[in-house]
Structures are given as C-alpha cells and as structure tokens.
Amino acid sequence: MTRKFFRNIRAFVVFLLIIGGSWALVSWGIDTETIVVDGRQVHVIDGDSFKDDATEFRIYGIDAPEYRQSCKDAAGRDWPCGKSARGALEEILRKGQFSCDVHARDQYGRTVVTCGSGDKDLGAHMVERGHAVSSDNFDQVIYGTEEARAEKAKRGIWQGTFEKPSNWRTAHPR
C-alpha cells in the first residue's frame with residue numbers, strides 16, 4: 001500500500017512538472033507578435049493612435065493631447081497642441097515602414113503596440129519632442145527619461161502649461 005501511494009505521488013509530481021514546464025515554455029519562450037506597418041498607408045487619428053484598413057493602433061506607454069485639446073504657450077496663449085501632436089506623428093510615420101511589437105488590445109479594441117524603425121522608437125520620439133507624456137496607466141514609466149528631457153528643454157506641451165490628456169478626456173467626454 002505504501003509503495004502504491006508513493007508511485008501515485010511521484011506520478012502526480014511528474015504530471016505537475018510537465019504542466020508547469022509547458023506553461024513556462026508558452027509564457028516565456030514565445031516572442032511577442034511583430035507586425036510591419038507602412039506609415040505612408042495609415043491614417044493618423046491623434047498623437048498616440050493611427051489605423052490602417054483593418055486595425056486601429058495605440059502606441060504603448062504614451063498619452064498625447066487629444067486632437068481637439070489646446071495648451072498654453074510660454075506667453076499664456078492657446079495653441080492647438082492636439083493638432084500639433086497629430087501632425088508630429090504623421091510626419092514621422094510618413095518616413096516609411098515600422099516594425100511594431102503587439103502588447104495587447106485595449107478596452108476600445110485597439111491593438112497596443114511599440115513601433116520602431118532602425119533606432120527610432122515612435123513613443124520615445126513623441127515624448128522627447130514634447131508631443132506626449134509618458135503614460136502613467138501602465139505598471140512603469142516607459143519614457144520617463146525622454147519626458148524629463150522635453151520638460152527641461154521646454155519642448156512642445158512643456159513650453160507653457162497643459163492639462164494632462166487623461167484629465168482633459170475626463171472633462172470632455174465624447
């Protein structure tokens with residue numbers, strides 16, 4: 001009886017090791033999905049999202065002013081920071097193809113991606129030029145260094161005052 005009990009325990013432990021090993025391979029061994037986006041063929045929605053014929057994309061780790069959002073410049077005058085952010089994203093996307101790593105889908109069904117071309121990361125580019133902030137909706141601050149550089153140099157939204165895009169969306173629901 002004791003021998004049979006230990007055989008059953010050993011079989012159970014082996015079974016758990018196989019299941020755990022399989023899970024680890026699936027979780028850690030498979031790369032994230034990577035897609036290629038032709039920036040010349042997309043429609044830019046605002047400073048952190050764009051779409052092609054079939055898919056809408058959201059850039060991971062950043063939050064750009066909404067298209068209709070205004071900011072204040074150094075003299076306290078309104079300027080269309082949302083339109084400026086959209087224009088900046090259009091400008092960089094028009095330069096060609098980008099490799100995008102898919103992270104997830106957000107609550108609106110958009111594909112959340114990190115995109116780059118060569119050594120250019122779209123999110124880092126937008127934040128460092130002051131057209132977006134590093135998002136605080138994620139577990140970590142993805143582009144904190146780039147945001148600090150933009151703020152110090154007073155680029156884009158940092159030239160004056162602005163409302164965080166998340167706060168602006170709350171105050172101006174669709």
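Me: What makes Arg155 count as partly exposed?

Reply: Its relative accessibility is 31%. Buried means under 20% relative accessible area, exposed means over 50%, and partly exposed is what lies in between (1.4 Å probe, protein chains only). So at 31%, Arg155 lands in the partly exposed class. Bear in mind that this is a predicted model, where local features need pLDDT of at least 70 and side-chain atom pairs count only at pLDDT 80 or more, while totals for chains, interfaces and linings use all residues. Residues are numbered from 1 along each chain as its sequence is written, and side-chain values use heavy atoms, with hydrogens and water left out.

Me: Where does Arg155 sit?

Reply: Look in the loop between helix H4 (144–153) and helix H5 (165–171). Helices (H or I, at least four residues) and strands (E, at least two) are DSSP runs, numbered from the N terminus.

Me: Which residues gather with Arg155 in a patch of positive charge?

Reply: Lys95, Lys120 and Arg129 join Arg155 there, on the surface. Patch members need over 30% relative accessible area and no salt bridge, with like charges joined within 9 Å. Lys and Arg count as positive, and the place of a charge is taken as NZ of Lys or CZ of Arg.

Me: How do you know that Cys71 and Cys81 form a disulfide?

Reply: Their S to S distance is 2.1 Å, and a disulfide is a pair of cysteine sulfur atoms within 2.5 Å, so the pair qualifies. The torsion about the S-S bond is about 70°, so this disulfide is right-handed. Cys71 belongs to strand E6 (residues 71–72) and Cys81 to helix H2 (residues 81–93), so the bond ties together parts that are 10 residues apart in sequence.

Me: Why are Cys71 and Cys81 called buried?

Reply: Cys71 has a relative accessible area of 2% and Cys81 has 1%. Both values fall under the buried cut-off, so the label fits each cysteine.

Me: What about Cys100 and Cys115?

Reply: Their sulfur atoms are 2.1 Å apart too, and they form a disulfide. The S-S torsion of Cys100 and Cys115 is about 110°, so that bond is right-handed. Cys100 in strand E8 (residues 97–105) and Cys115 in strand E9 (residues 111–117) are 15 residues apart, and both are buried. The count comes to two disulfides, paired 1-2, 3-4 when the bonded cysteines are numbered in sequence order.

Me: What makes Arg58 and Asp48 a salt bridge?

Reply: Their closest N and O atoms are 3.3 Å apart. A salt bridge is a side-chain nitrogen of Lys or Arg within 4 Å of a carboxyl oxygen of Asp or Glu, so this pair passes. Arg58 is in strand E4 (residues 56–59), and Asp48 is in the loop between strand E2 (43–46) and strand E3 (49–51). Arg58, at 12% relative accessible area, and Asp48, at 2%, are buried.

Me: Which network includes Arg58?

Reply: Salt bridges link Asp48, Arg58, Asp63, Glu66 and Arg169. One of the contacts is Arg58 to Asp63, at 3.6 Å from N to O.

Me: How do you know that Arg86 and Glu90 are separated by about one helical turn?

Reply: Arg86 and Glu90 are four residues apart in helix H2. Their side chains meet in a salt bridge at 3.9 Å, N to O. Arg86 is buried at 18%, whereas Glu90 is partly exposed at 26%.

Key: Patches are made of residues with over 30% relative accessible area and no salt bridge: like charges are joined within 9 Å, nonpolar side chains (Val, Leu, Ile, Met, Phe, Trp, Tyr) within 5 Å. Accessible areas come from the Shrake-Rupley method with a 1.4 Å probe; for residues, only the protein chains shown count as cover.
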